[in-house]
Amino acid sequence: MSNDELHDLHSMSTRNFSDASNHENQSRRKIREVSRSASDFLRKLSSWSDRDDPMLLWKALDTLELSELPDALAALESASLNPNLRLSLMKAAVAKCSNQGEIGSVLEIIEGGNYEGDLLRELTLAAFSGSSSSMDELFYAVGTFTESKARESALAGLRFRLIRDKFVDLKFLDFSKTPADVARIAIDAVGTNLASLSSFDQRRIFKEVVEVGMAIDASNRDEVSVLDVFLWKSAKSVPFDVSWEIYHNNIDVSTEMRKMIAVEMVKVDPQKAIEAVIERNDNTEDLSLIINAWRSGDPEAFAMWASADPVAQTGIIRDLLLTHKASTAGIADSWDLVSQIEDPVLKKTIEGKVWSRERNLLHRAVEENPEGALMDIVAGKSSFKDYWLEEAMTVWMDSDSQRASDWYQNIRNSIPPSKSQYISASFAKIAASQGDMSSAREWANSIYDAKTRKRIEAEIEKAGAAAN
């Protein structure tokens, strides 16, 4: 073998040995780095000073292991850190370790730390919200809490996890053994997560949860309704199904919830919403809610339907549309619309509303110009009927009784009895309220309209009885 060949062989051997040595050194270095990184958080925390960058602790937190959590929490609690930073790091440490193993182990560590009050609740919430444990383990863990505020935190953490993981499957839960508050959280989460499902799955799961919710409510009558919570949550996903369940099972829900359901039904299909309510119970309140929601949400489409669809021209729908028109039209037109309403309940309701609007207009007119307002009614130049003279004089007497009395005494003889009788009614009412029954009865004798006289005499009688 030549000298050159021997030199090449020696060089190759040297390189191989060097490579092997470098590889071994790198391996040893990596082992040392892993060893150091596993305790990096505690090491940095032990040497922490106010001059250090908090980001160093946040970065080092990634190296924390479950076995180190007790030491980490104890060190954080005693470290000279800003209180908000300390709490944030403690929660982050708990959440990170909870994500590594069983939540039961983390909860044991928290319990072993003898934490109390707000800190205990915050760490408990962090443990549940960060946990990677199975749903079975999470539900079981919540059941181990008996202290009310810590349990509330556990429930909040459970809810976070259920919503984050798009939880919708209740089949694996034994609701005969599940506490009502835990069941409520699970069903609440399902209601929230419905929106992310297909329409087919939404209806299927909705039906399953309604059955479960009714069963839970039946056995927990003193608790907040689980079903009510779920209906609130699912109304935006399956409003027609929610509406049907309410009617089918005679579920009592608030007016606010009915309004929300009406709005959501109208968003899907307003005409179908109207037909659904008519088909189920012809409920005028719910029909009114739907019509209001449609008219507010899409006034142009609503107006086209109201003027062209035969459904809008008959029965309760027609009366409701007349009612809505009467609530915004001018006073004279409103009274004309009211006269066309056939449903007695609707008619009485809208009569009261139109009367209140007219009364408010009268008050404004009297406040601006009392003499002019009353004289316009007396002369027939006003849209107000004669009987409004009673209210007009009462308003004026309340603000300036002397001026009002002097004005009436000066023109009393020039006003026809058919009109002045209503002013007499006002004076009779005021005299009775002041305890002057003699004057009240004298004024009442000037009233010729039988209905008005009967009402005023009843008020005088009532005031006299109260005085005695």
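Visitor: Which residues form one aromatic cluster with W355?

Guide: F384, Y387 and W388 join W355 in that cluster. Rings of Phe, Tyr and Trp (its six-membered ring) pair if their centres lie within 6.5 Å; planes under 30 degrees apart count as stacked, over 60 as edge-to-face and the rest as tilted.

Visitor: What kind of model is this?

Guide: This is a predicted model, where local features need pLDDT of at least 70, side-chain atom pairs count only at pLDDT 80 or more, and totals for chains, interfaces and linings use all residues. Residues are numbered from 1 along each chain as its sequence is written, and side-chain values use heavy atoms, with hydrogens and water left out.

Visitor: Back to the rings. How many aromatic pairs does the structure hold?

Guide: There are 13 aromatic pairs. One of them is Y408 with W443. That pair is tilted, with 6.3 Å centre to centre and 45 degrees between the planes.

Visitor: Why does that pair tie together parts that are apart in sequence?

Guide: Because Y408 lies in helix α22 (residues 388-411) and W443 in helix α24 (residues 437-444), the pair links parts that are 35 residues apart in sequence. Helices (H or I, at least four residues) and strands (E, at least two) are DSSP runs, numbered from the N terminus.

Visitor: Is Y408 buried or exposed?

Guide: Y408 is buried, at 1% relative accessible area. W443 is buried too, at 16%. Buried means under 20% relative accessible area, exposed over 50%, and partly exposed in between (1.4 Å probe, protein chains only).

Visitor: How much of the chain is buried?

Guide: Of its 468 residues, 41% count as buried. The secondary structure has 25 helices and zero strands.

Visitor: New topic. Where is S288 found, and what does S288 touch?

Guide: S288 is in helix α16 (residues 284-297). Leaving out residues up to four places away in sequence, S288 touches L320 and H324. A contact means heavy atoms within 4.5 Å. S288 is buried, with a relative accessible area of 19%.

Visitor: And what sits over the ring of F240?

Guide: The charged end of K272, 4.5 Å from the ring centre. The rule is NZ of Lys or CZ of Arg within 6 Å of the ring centre and within 35 degrees of the ring normal.

Visitor: Which residue sits in the loop between α6 and α7?

Guide: N114 does; the loop runs between α6 (103-112) and α7 (117-130). N114 has a positive phi, near 55 degrees, and is not a glycine. N114 is exposed, at 63% relative accessible area.
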